[in-house]
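Here is an informal walk through one chain, taking helix packing before the sheet and the domains. Have the model open as you read.

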Amino acid sequence: MKKHPISFKLNGEKVSIEVEPSDVLVDVLRDRLGIKSPKVGCDRGDCGTCTIIMDGRTVRSCLALAVEADGAELVTLEGANTSRKWTRKLQEKFHSKNAFQCGFCAPGIILSATELLEKNPRAGKHEIKEAIAGNLCRCTGYEPIVEAIEETVKGK
Ligand code: FES
Ligand code: FES
């Protein structure tokens, strides 16, 4: 199949790469660019483990074709923890509160929470639950996750 040259910014660095029209963004990130924080859970848009930020909004990278990233600005957890105000604080709080076990869901949840706190730095429990409703966790239960985000908001 004919390959298409695309280029985008990934965690602040310019990337140029050739992709097939059917290549899925999460696969290109993980398998060709070595970006491992977006995980493939369901591969059909249900679990949120493949969440990344594209042009300032969270997207499910299992549902995006790589060609859609042409000209875009992509941020994954690898870059967000230095470039976004809330991400490292969230990571540290998740760590100190043991808000994850296997960690498979954590990058997606932290990016969803980052997006929320960038829009609403005073988000309460209700908004937090809504913001992470599309991110499934099979291990921890949501109580410590929501508490970790609440405590990040409060700066505790
Ligand atoms: S792997 Fe993308 S939403 Fe589950
Ligand atoms: S910590 Fe294992 S899926 Fe959430």
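Helix axes here are lines fitted to C-alpha atoms over the stretch in contact, and angles run from 0 to 180 degrees between N-to-C directions. Keep in mind that this is a predicted model.

**Helix against helix**

Two packed helices are described by the angle between their axes and the distance between the axes. Start with helix 3 (residues 87-96) and helix 6 (residues 143-154), whose axes come within 9 Å of each other and cross at roughly 130°. Angles from 115 to 145 degrees fall outside the parallel, antiparallel and perpendicular classes, so helix 3 counts as oblique to helix 6. The crossing of this pair is right-handed. On the helix 3 side, the contact is made by Lys89, Leu90, Lys93 and Phe94, and helix 6 answers with Ala148, Ile149, Glu151 and Thr152. Sorted by class, that contact holds four nonpolar, one polar and three charged residues.

Now look at helix 3 with helix 4 (residues 106-119). At what angle do the axes of helix 3 and helix 4 cross? The value is roughly 130°, with the axes coming within 9 Å. That makes helix 3 oblique to helix 4 as well, and this crossing is right-handed. Here Thr87, Leu90, Gln91 and Phe94 of helix 3 meet Ala106, Ile110, Ala113 and Thr114 of helix 4. The class count for this contact is five nonpolar, three polar and no charged residues. Leu90 and Phe94 turn up in the contact with helix 6 and again in the one with helix 4.

**The sheet**

Over to the strands. Five of them form an open sheet in the order 2-1-5-3-4, with mixed pairing. Strand 2 and strand 4 are the edge strands, each pairing on one side only. From one strand to the next, the twist averages 40°. The pairings look like this:

| Strand pair | Sense | Bridges |
|---|---|---|
| Strand 1 (residues 4-10) and strand 2 (residues 13-19) | antiparallel | seven bridges |
| Strand 1 and strand 5 | parallel | two bridges |
| Strand 3 and strand 5 (residues 73-75) | antiparallel | two bridges |
| Strand 3 and strand 4 (residues 57-60) | antiparallel | four bridges |

A few partners help to fix the register. Lys9 has Lys14 of strand 2 as its bridge partner, while Ile52 stands opposite Val59 in strand 4. Which residues stand opposite Leu74 in strand 5? Met54 is one of them, and Leu10 is another.

Two hairpins are worth a look. Strand 1 and strand 2 have two residues between them, and Asn11 in that hairpin takes a positive phi near 50°. Strand 3 and strand 4 also form a hairpin with two residues between them, where Asp55 in the turn has a positive phi of about 50°.

As a reminder while you trace the strands, in a regular strand the side chains alternate between the two faces of the sheet.

**Two domains and where they meet**

Stepping back, the chain is divided into domain 1 (4-79) and domain 2 (84-154). Taken over C-alpha atoms, the centres of domain 1 and domain 2 are 21 Å apart. Their contact takes 13 residues from domain 1 and eleven from domain 2. Which strand gives the largest share of the side of domain 1 that touches domain 2? Strand 3 (residues 51-54) does, with three residues. By class, the residues on that side of domain 1 divide into six nonpolar, six polar and one charged.

One helix ties in with this picture. Helix 4 lies across strand 3 and strand 4, and runs at about 35° to strand 3. Strand 3 thus turns up repeatedly: it pairs with strand 4, pairs with strand 5 and has helix 4 lying across it.

How values were computed: Residues numbered from 1 in each chain as written. Chains lettered and ligands numbered in written order. Predicted model: local features only at pLDDT ≥ 70, side-chain atom pairs only at ≥ 80, totals over all residues. Domains from an automatic or database assignment. Contact = placed C-beta atoms within 7 Å. Nonpolar A, V, L, I, M, F, W, Y, C, P; charged D, E, K, R; others polar. Parallel < 35°, antiparallel > 145°, perpendicular 65-115°, else oblique. Left-handed = near helix turned anticlockwise from the far one by under 90°. Pairing = 2+ DSSP bridges.
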